[in-house]
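Here is a short briefing on one protein chain. Look through the sequence and the model first, then read the points below.

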Amino acid sequence: MSIEPIGFIVLLLGLLSMVNGARFAITTLCLSTLLGAAAALQLPALGGSSIQPSHLLVLFLVVAALLRPAQTQATLASMAYPGPGFWFAAYILFSVASSFFLPRIFAGATLVYSSARDTTGMMSTVAAPLSPGSSNLSQSVYLLGDLACFAVVSGLARLGYARFIALQLIVASIACFTLALIDIGTFLTDQSYLLDVIRNANYTMHTAETISGFKRIVGPFPEASTYGAVALAYFSFTLLLWLERVQSRMAGLATLFIGPTIVLCTSTTAYIAGIFVVCMFVLFCLKRLIGGPAKTPHVTFLVITLFLIPCAIVALSLVPDAWNSIAGLMSTTLSDKLQSQSGEERTAWNTLALIAFVDTATFGAGLGTVRASSFIAALLSNVGLTGTLLFAAFLYSLARASGRHMSGDRETQAIGNAAVMASIAQVASAAISGSGTDLGLLFSTTAGLAAGCLATNTSPRRATRSLANRTPLEASTSLMRAPMFSTR
């Protein structure tokens, strides 16, 4: 194991998180999820695996929660039956168990594209017989980290940190936009090496690619599709907060910033998933307009998406040069994608993944065994029908919690619904191009925030009164760490 220069900074931030508590830990975690191309630790013994800063910080986040009894209690309560946390824990624990048993039970039963990387960070381009590999262990560690992140964030949201966590996600979305600008600026000035400090992971980097004259925006991530998926999640979160008038100024500003980068990132994943997300928001606003209570932002969004954008497209078609550039970009990223070498490779991955699902009698080959190009294919081929149903139960539980009417704090419910929308956006992106079953720590953060906000009807005042019934140590710990709320 070797520690990268950025790893020493991450370790220092982790120690400060343990001392300063939840606020500092959440802030560093949300910002660190942007460093998708960075490595804090390199593990040559595990096939050259790279440990990202965010995954290392999760360890300190968990320790910080365990040092405070009230937060520990809330963290454990977040996984109680029949809430979303229970199904998420069941899905992850089943996946981890499958990584040990299934690759050995079905060894040699079918051909797969392995998820394991070699010492250069490359994945095999040749199908090989199913067998255990280093990725079984690394993917298990990643998923357990996702579960820990989900549980802690959900527990903190239950203790009254929802507004603070939402604010940090808004700040992270603005930082994501800023890093996209830096990516474009360094590319145009031929100074891309300045970002090498956050592009040191053992991955294949696609940071200097162009399509139809457009620079593919990757920001702090290895490729444009990853940036597009993350940006779309932030866009979904901030847009719903703006629609619901929660942190409306900052949320509106973040939405205005991050939206254009999704259009310009040239990612097929972002475009297709973005259409799905926009349709969800249109239905959401129409529901509010018909059933109420509708606000000015809901009407504004409908006018923009259903009238102004179509008018802008018609106007753009009258400018031949601009229209030809946009049409060429859309043709390359959408209609011609399946015919490209990348499209053919990804189709082959999904085909073998689904064959592996059948050849293993729907049990799956085990977590981290099969590489695919769709989250759905990856679920079926790695954790089988059982794991897929457990994840579906988790997603259904989360969506059902969002649909329930809460008699408590309106702001908390709005934050929870925004987090659900961001989580669904990430699942939609992964369903198009996700290579594995790990949706990442940003998904765990938004899903945990949603579960914590929507799991109870308790308002901040009631939560404060309930602390009086706890032991003095638990009550004092929670009151010292919980943020102040305004009552509106």
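How much area does the protein chain expose, and what share of it do carbon and sulfur atoms supply? The protein chain exposes about 21,000 Å², and carbon and sulfur atoms supply 69% of that area. Accessible areas come from the Shrake-Rupley method with a 1.4 Å probe, and for residues only the protein chains shown count as cover.

This is a predicted model: local features need pLDDT of at least 70, side-chain atom pairs count only at pLDDT 80 or more, and totals for chains, interfaces and linings use all residues. Residues are numbered from 1 along each chain as its sequence is written, and side-chain values use heavy atoms, with hydrogens and water left out.

**Overall build**

- The protein chain has 17 helices and seven strands. Helices (H or I, at least four residues) and strands (E, at least two) are DSSP runs, numbered from the N terminus.
- Of the 488 residues in the protein chain, 53% are buried. Buried means under 20% relative accessible area, exposed means over 50%, and partly exposed lies in between (1.4 Å probe, protein chains only).
- Take the contacts (heavy atoms within 4.5 Å) in the protein chain with a separation of 6 or more: 74% of them join residues 24 or more positions apart.

**A nonpolar surface patch**

- A nonpolar patch of about 1,100 Å² lies on the surface, and its residues include Leu283, Ile290, Phe307 and Trp323. Two elements, α9 (268-291) and α10 (296-316), give two or more residues to the patch.
- Patches are made of residues with over 30% relative accessible area and no salt bridge; like charges are joined within 9 Å, and nonpolar side chains (Val, Leu, Ile, Met, Phe, Trp, Tyr) within 5 Å. A salt bridge is a side-chain nitrogen of Lys or Arg within 4 Å of a carboxyl oxygen of Asp or Glu.
- The largest share of the nonpolar patch comes from α10, with seven residues.
- Trp323 sits in helix α11 (residues 320-335). Trp323 is partly exposed, at 33% relative accessible area.

**Backbone exceptions**

- Most residues other than glycine have a negative phi, and most peptide bonds are trans.
- The peptide bond from Tyr81 to Pro82 is cis, with omega near 5 degrees. Pro82 is in the loop between α4 (69-77) and α5 (84-105).
- Asp190 has a positive phi, near 60 degrees. Asp190 lies in the loop between α6 (134-188) and β6 (210-211), and is exposed at 63% relative accessibility.
- Thr266 also has a positive phi, near 60 degrees. Thr266 is in the loop between α8 (248-264) and α9, and is buried at 0% relative accessible area.
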